Amino acid sequence: MKIPFATVVPMHKEIEEELKGAINKVIDDGLFIGGDPVKKFEEDFAQYLGVNYCVGVGNGLEGILLALEAMGVQAGDEVIVPSHTFIATTLPISRLGAKIVFVEPDEFYTIDVNKIEEKITDKTKAIIVVHLYGQCANMEPIMEIAHRHNIKVLEDAAQAHGATYKGRKAGSLGDVAEFSFYPGKNLGCLGDGGCVVTNDQEIADKVRALGNYGSFIKYKHIYKGYNSRLDTMQAAALDVKLKYLDKWNKRRQEVATRYINEIKNPKVILPKVREDNTHVWHVFVVRVENREEFMKYLEDKGIQTLIHYPTAIHKQEAYKELNNEVYPLAEKYAKEVVSLPMYYGLTEEEVSYVIDAINNY
Ligand SMILES: *Cc1c(COP(=O)(O)O)cnc(C)c1O
């Protein structure tokens with residue numbers, strides 16, 4: 001048996017005609033930047049999340065960059081961020097000349113609430129929480145701390161489309177949130193895309209202007225902006241796919257439930273789900289001590305696995321200035337995490353095959 005780590009093909013096969021119809025309509029209409037499909041997707045996604053505003057942007061990284069800038073983060077400010085995340089969470093902080101302040105993760109791989117307050121200084125401007133792997137960070141105490149210190153919270157929800165925390169959707173829990181629509185995300189487009197969502201009209205307006213050369217009115221520029229917009233064709237594809245997101249997430253949850261209930265190997269540490277949360281399993285991450293051997297064993301059985309992520313951010317060459325800092329959990333997780341096959345379209349037989357292989361390891 002050959003089981004890939006992930007594939008979007010089964011999702012797209014199921015909605016092939018509808019998806020191609022939406023793309024063809026954009027081609028026929030001949031408008032490729034902005035227009036009705038972008039407006040419609042922004043409205044539909046905002047409604048799905050339960051927020052007032054959604055602004056399409058070029059990708060998730062730029063969504064974080066524009067959101068931080070709209071929140072007023074400037075050179076010299078400090079931004080608190082989890083030490084265990086994808087590097088796209090921190091690159092925008094650096095790009096703005098602000099300082100990264102790392103906080104170690106909790107047992108759910110999200111920022112440890114108990115370690116945030118000791119890192120707050122009078123320079124702290126924002127906290128970025130990451131709903132890593134598809135599960136929300138512990139938002140209630142985080143928002144309480146942030147309010148008490150008058151700091152804004154940005155949710156990096158790039159891996160958490162449809163995840164909930166106490167009945168509310170990821171993206172509606174902080175002051176501002178960013179999503180990525182990279183093809184492999186739970187809601188992905190057919191290339192790069194992203195959005196920023198918020199209930200704050202001022203921030204929404206500023207993100208929109210920043211992504212449009214710093215301009216609300218053509219040729220009147222009030223900010224030194226960027227070009228970062230969600231393409232019309234991508235928005236049309238996303239609006240079709242959004243209708244199926246809950247169904248696709250439900251299948252991921254079924255696979256995850258089987259992995260959790262049926263993988264019984266003391267060498268493999270399974271992920272934990274926070275109470276009052278629905279996890280959408282962007283990736284299903286286990287930890288093993290002898291990772292290379294484990295991955296090779298599965299590869300020999302035709303099972304593809306990946307690592308999210310193999311090097312802690314503070315150990316990357318791009319962050320030479322942080323290389324001497326020490327974050328034991330981020331470093332440990334970078335050494336031990338392995339992501340199992342997880343996608344809509346995995347059959348029960350394939351799930352059983354993966355489980356048996358792991359139990360026999
Ligand atoms: C994918 C991802 C991003 C970046 O999104 P892009 O659209 O690829 O730029 C940011 N943060 C996290 C946690 C991600 O997984």
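**Exercise 1. Strand S1 and its partner**

Work out whether strand S1 (residues 53–57) of this predicted model is mostly covered or mostly open, and find which strand pairs with S1 and in which sense.

*Solution.* Begin with the surroundings of S1, where four of the five residues are buried, so that the strand is mostly covered when buried is taken to mean under 20% relative accessible area. Next, look for the pairing: S1 and strand S9 (residues 194–198) run antiparallel to each other and are joined over five bridges. As a check on one position, take Val55, whose bridge partner in S9 is Val196.

**Exercise 2. The sheet to which S1 belongs**

Give the order of the strands in the open sheet of seven strands, and state which strands stand at its edges.

*Solution.* Following the sheet from one side to the other, you should read the order S1-S9-S8-S5-S4-S2-S3, and the pairing is mixed. At the edges stand S1 and strand S3 (99–103), each of which has a single partner strand, so one side of each is left without a neighbour in the sheet. Neighbouring strands of this sheet are turned against each other by 25° on average, if direction is ignored.

A parallel pair can be found inside the sheet, since strand S5 (residues 152–156) and strand S8 (residues 176–180) pair in the parallel sense over three bridges. Within this part of the sheet, Asp156 stands opposite Glu178 in S8.

Finally, add the helices that pack here. Helix H7 (residues 201–210) touches S1, S5, S8 and S9, and its direction makes about 15° with that of S1. Helix H4 (residues 60–70) lies across S1, strand S4 (124–130), S5, S8 and S9, and runs at about 165° to S8.

**Exercise 3. Two helix pairs**

Decide whether helices H2 and H8 are roughly parallel or roughly antiparallel, and then do the same for helices H9 and H12.

*Solution.* The description of two packed helices uses the angle between their axes and the distance between the axes. For helix H2 (residues 16–29) and helix H8 (residues 232–242), the angle is about 150° and the axes are 9 Å apart. Because angles over 145 degrees count as roughly antiparallel, H2 and H8 are roughly antiparallel to each other. The crossing in which H2 passes H8 is right-handed. On the H2 side the contact is made by Glu18, Leu19, Ala22, Ile23, Val26 and Ile27, and on the H8 side by Thr232, Met233, Ala236, Ala237, Val240 and Lys241. Sorted by class, this contact has nine nonpolar residues, one polar residue and two charged residues.

For helix H9 (residues 245–262) and helix H12 (residues 348–359), the angle is about 30° and the axes are 10 Å apart. Because angles under 35 degrees count as roughly parallel, H9 is roughly parallel to H12. H9, too, passes H12 in a right-handed crossing. Here Arg251, Val255, Arg258, Tyr259 and Glu262 of H9 meet Glu348, Val351, Ser352, Val354, Ile355 and Asn359 of H12. The residues of this contact divide into five nonpolar, two polar and four charged.

**Exercise 4. The sheet of three strands and Glu140**

Name the edge strands of the open sheet that is formed by three strands, and find which residues Glu140 touches.

*Solution.* The three strands lie in the order S7-S6-S12 with antiparallel pairing. Strand S7 (168–169) and strand S12 (277–278) are the edge strands, as each pairs on one side only. Strand S6 (residues 164–165) and S7 are joined over two bridges, and the bridge partner of Tyr165 in S7 is Arg168.

Tyr165 also leads to Glu140, which touches Tyr165 and Lys166 when residues up to four places away in sequence are not counted. Glu140 belongs to helix H6 (residues 139–148), and its relative accessibility of 48% makes it partly exposed.

**Exercise 5. Backbone details in the loops**

Locate the cis peptide bond, and describe phi for Asp276 and Trp281.

*Solution.* The cis bond joins His308 and Tyr309, with omega at about 15°, and Tyr309 is in the loop between helix H10 (291–300) and helix H11 (328–336). Turning to phi, Asp276 has a positive value near 65° although the residue is not glycine, and Asp276 lies in the loop between H9 and S12. Trp281, likewise not glycine, has a positive phi near 50° and is found in the loop between S12 and strand S13 (284–287). With 4% relative accessibility, Trp281 counts as buried, because that value is under 20%.

Conventions. Residues are numbered from 1 along each chain as its sequence is written. This is a predicted model: local features need pLDDT of at least 70, side-chain atom pairs count only at pLDDT 80 or more; totals for chains, interfaces and linings use all residues. Side-chain values use heavy atoms; hydrogens and water are left out. Buried means under 20% relative accessible area, exposed over 50%, partly exposed in between (1.4 Å probe, protein chains only). Two strands pair if DSSP finds at least two bridges between them. Axes are lines fitted to C-alpha atoms, for helices over the stretch in contact, and angles run from 0 to 180 degrees between N-to-C directions. Angles under 35 degrees count as roughly parallel, over 145 as roughly antiparallel, 65 to 115 as roughly perpendicular and the rest as oblique. A crossing is left-handed if the near helix is turned anticlockwise from the far one by less than a right angle, and right-handed if clockwise. Contact means heavy atoms within 4.5 Å. Ala, Val, Leu, Ile, Met, Phe, Trp, Tyr, Cys and Pro count as nonpolar, Asp, Glu, Lys and Arg as charged, and the others, Gly among them, as polar.
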